[in-house]
Amino acid sequence: MEYISTRGQVAPLGFIDAILMGLADDGGLLVPKAVPQVDAATLQAWGKLTYAELALEIFTLYIGDEIPKEELQRLVEDSYGTFRDADVTPVRRINNGLYVLELFHGPTFAFKDIALQFLGNLYAYVSKQTNSIIHILGATSGDTGASAIEGVRGKEGIRICILHPSGKVSKVQELQMTTVDDANVLNLAVDGTFDDCQRIIKELFADVAFKHKYHLRAINSINIARILAQTVYYFYAYLQLAQQGQSERMNFSVPTGNFGDIFAGYLAKRMGLPIGKLILATNENNILERFVNEGVYAPGEFRGTHSPSMDIQVASNFERYLYYLYGEDSVEVSRLMGQFTTEGSIVIPSDRIGQVQADFAAYGVKNDECLDTIGDYFAKYDYLLDPHTACGVAASDRLTEEGEVTVALSTAHPAKFDESIRLRGIEQTYPEQIGALFGKAQHQKQIGGSNAEIKAELERFF
């Protein structure tokens with residue numbers, strides 16, 4: 001398997017070089033040169049595999065023999081052996097038309113653990129094999145930071161710096177990051193929004209000389225390994241329900257802000273998974289909903305919401321979808337992304353909007369609607385949704401048709417967002433691991449939002 005850039009100016013790379021490059025050196029995003037295909041017979045054969053066994057099969061399609069299979073198996077088992085549920089990502093039935101795919105049983109109670117436990121172990125493996133230092137730089141809207149830190153804290157040969165928007169993540173998310181006191185971890189609380197943090201990250205990675213000097217590696221979903229790891233749970237959910245006799249074509253409703261989680265579903269569909277609708281659920285920061293419904297990709301006014309991990313205006317994985325929408329034409333993708341940089345918007349011609357709407361349905365959930373969904377489902381089904389999952393469920397309620405079955409992705413444990421849950425008068429008991437965070441000292445540095453300030457901190461840390 002080889003990996004190429006959406007902008008076409010990087011020579012094909014192997015898997016390990018692709019994950020080390022992160023953001024492509026030409027400013028694009030890396031994608032597989034050819035998407036591996038999974039036929040019906042293979043799907044049937046995978047039906048009784050455990051999550052780790054399934055992950056090994058799917059990763060092998062994208063890695064080949066670049067990592068010996070026994071080593072890859074060890075990485076997979078180490079990554080998922082500590083999850084609190086034996087199924088890793090269990091599927092819960094809510095009613096005849098709705099299931100919830102619980103993705104929060106990893107160490108930081110968020111779906112990011114599924115990819116970042118693997119990527120952290122992968123980086124440790126590469127560091128040991130190549131006798132090299134790995135410096136990880138990432139931005140978070142809340143969950144990525146804690147998951148990434150948990151994946152590499154204390155590991156020899158790895159240092160990690162995470163940027164988060166000061167005051168714009170939940171208290172539990174902040175504590176999960178900043179109560180870590182390992183010497184290889186640096187938390188920077190940045191004045192600004194997540195989009196500011198993400199822009200800084202992309203610009204620093206685009207500074208190829210700086211990137212190479214400090215051996216910078218990416219953990220955000222610009223890293224293709226993140227996307228590949230997230231395809232696994234789409235297959236697993238489908239296979240679990242198929243084993244239970246669910247024969248209807250399944251929709252997936254995905255709360256998303258950065259387009260990574262739903263792009264993984266899109267990639268799974270391109271691989272051959274028989275997905276019905278991919279429902280893209282946003283909050284009031286609804287740039288992606290407007291793109292699907294109107295063909296216009298342009299940031300709007302930033303809104304703080306009850307689902308802060310989705311408070312994103314510029315979706316870093318959007319370029320990967322553009323690449324496929326435009327028939328893998330890297331020249332056109334380069335032109336469109338250049339236009340976005342200079343003009344601040346991309347408008348899709350009418351002859352392509354039909355394809356977008358064939359690929360996705362979209363719905364933007366208002367703040368009160370999100371909270372109402374939490375309250376309604378708790379009252380009716382005794383099932384507590386976190387506000388991001390509630391956006392996915394609300395979108396499913398709006399867009400799932402009679403007789404269809406939708407799997408809503410539950411991206412975080414509700415304890416991570418108690419501020420929102422309490423607004424509907426619901427009290428919950430924190431899991432022991434989360435409750436213990438409130439008594440710990442925090443370690444973070446407040447910093448302005450300029451590239452120069454971040455660079456200076458990185459130079460001191462690395």
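This text leads through a predicted model, taking its two open sheets in turn and then a set of single residues.

The N-terminal part comes with a label from a record. UniProt, in an unreviewed entry, lists residues 2-80 as "domain: Threonine synthase N-terminal". In the model this span is 48% helix and 8% strand, and its end C-alpha atoms lie 26 Å apart.

One open sheet has five strands with parallel pairing, in the order β8-β5-β6-β7-β15. Its edges are formed by β8 (216-218) and β15 (445-447), each of which pairs on one side only. Neighbouring strands in this sheet are turned against each other by 30 degrees on average, direction ignored. Within the sheet, strand β6 (residues 158-165) and strand β7 (residues 185-190) run parallel and are joined by six bridges. Ile 160 stands opposite Val 185 in β7. Helix α6 lies across β5, β6 and β7, and runs at about 170 degrees to β6.

The loop between β5 (134-139) and α6 (143-152) holds Ser 141. Is Ser 141 buried or exposed? Its relative accessibility is 6%, and because buried means under 20%, Ser 141 counts as buried. The side chain of Ser 141 reaches the backbone oxygen of Ser 309 at 3.0 Å. Setting aside neighbours within four places in sequence, Ser 141 is in contact with Val 169, Gln 173, Phe 194, Pro 308, Ser 309 and Ile 312. Ser 309 therefore appears both in this list of contacts and as the residue whose backbone oxygen the Ser 141 side chain reaches, with Ser 141 itself counted as buried.

Another residue with contacts to α6 carries an annotation. UniProt, again in an unreviewed entry, gives "modified residue: N6-(pyridoxal phosphate)lysine" for Lys 112. Lys 112 is placed in helix α5 (residues 112-130). With a relative accessible area of 11%, Lys 112 is buried. Beyond its neighbours within four places in sequence, Lys 112 is in contact with Asp 143, Thr 144, Ser 147 and Arg 226. Ahead of α5, in the loop that follows β4 (98-102), lies Phe 109. Phe 109 is not a glycine, yet has a positive phi of about 65 degrees. Phe 109 counts as buried, at 3% relative accessibility.

A positive phi is also found at Asp 382, about 55 degrees, although Asp 382 is not a glycine. Asp 382 sits in the loop between α16 (367-381) and α17 (387-399). Here the surroundings are described by another term: Asp 382 is exposed, with a relative accessible area of 61%.

The other open sheet has six strands, in the order β3-β4-β14-β9-β10-β13, and its pairing is mixed. The strands β3 (91-95) and β13 (361-364) stand at the edges with a single partner strand each, so one side of each is left without a neighbour in the sheet. From one strand to the next the twist averages 25 degrees. Strand β9 and strand β10 (residues 275-282) run parallel, with five bridges joining them. Ser 253 stands opposite Ile 279 in β10. Helix α12 (residues 287-294) packs on this sheet, where α12 touches β10 and β13 and makes an angle of about 135 degrees with the direction of β13.

Aromatic side chains come next. A pair of aromatic rings is described by the distance of the centres and the angle of the planes. The count for this model comes to 27 aromatic pairs. One of these pairs is formed by Phe 259 and Phe 318, with 6.3 Å centre to centre and 80 degrees between the planes, which is edge-to-face. Which parts of the chain does this pair tie together? Phe 259 lies in the loop between β9 (250-255) and α11 (260-271), while Phe 318 lies in helix α13 (residues 318-325), so the pair links parts that are 59 residues apart in sequence. Phe 259 is buried, with a relative accessible area of 1%, and Phe 318 is buried at 0%. Both residues belong to one aromatic cluster, whose other members are Phe 263, Tyr 266, Phe 291, Tyr 297, Tyr 321, Tyr 323, Tyr 324, Phe 340 and Phe 360.

Conventions. Residues are numbered from 1 along each chain as its sequence is written. This is a predicted model: local features need pLDDT of at least 70, side-chain atom pairs count only at pLDDT 80 or more; totals for chains, interfaces and linings use all residues. Side-chain values use heavy atoms; hydrogens and water are left out. Helices (H or I, at least four residues) and strands (E, at least two) are DSSP runs, numbered from the N terminus. Buried means under 20% relative accessible area, exposed over 50%, partly exposed in between (1.4 Å probe, protein chains only). A polar contact is a pair of N or O atoms within 3.5 Å; within protein, one must be able to donate a hydrogen and the other to accept it, and residues adjacent in sequence count only if both atoms are side-chain atoms. Contact means heavy atoms within 4.5 Å. Two strands pair if DSSP finds at least two bridges between them. Axes are lines fitted to C-alpha atoms, for helices over the stretch in contact, and angles run from 0 to 180 degrees between N-to-C directions. UniProt positions are given in the numbering used here, feature names are shortened, and annotations may be inferred rather than shown by experiment. Rings of Phe, Tyr and Trp (its six-membered ring) pair if their centres lie within 6.5 Å; planes under 30 degrees apart count as stacked, over 60 as edge-to-face and the rest as tilted.
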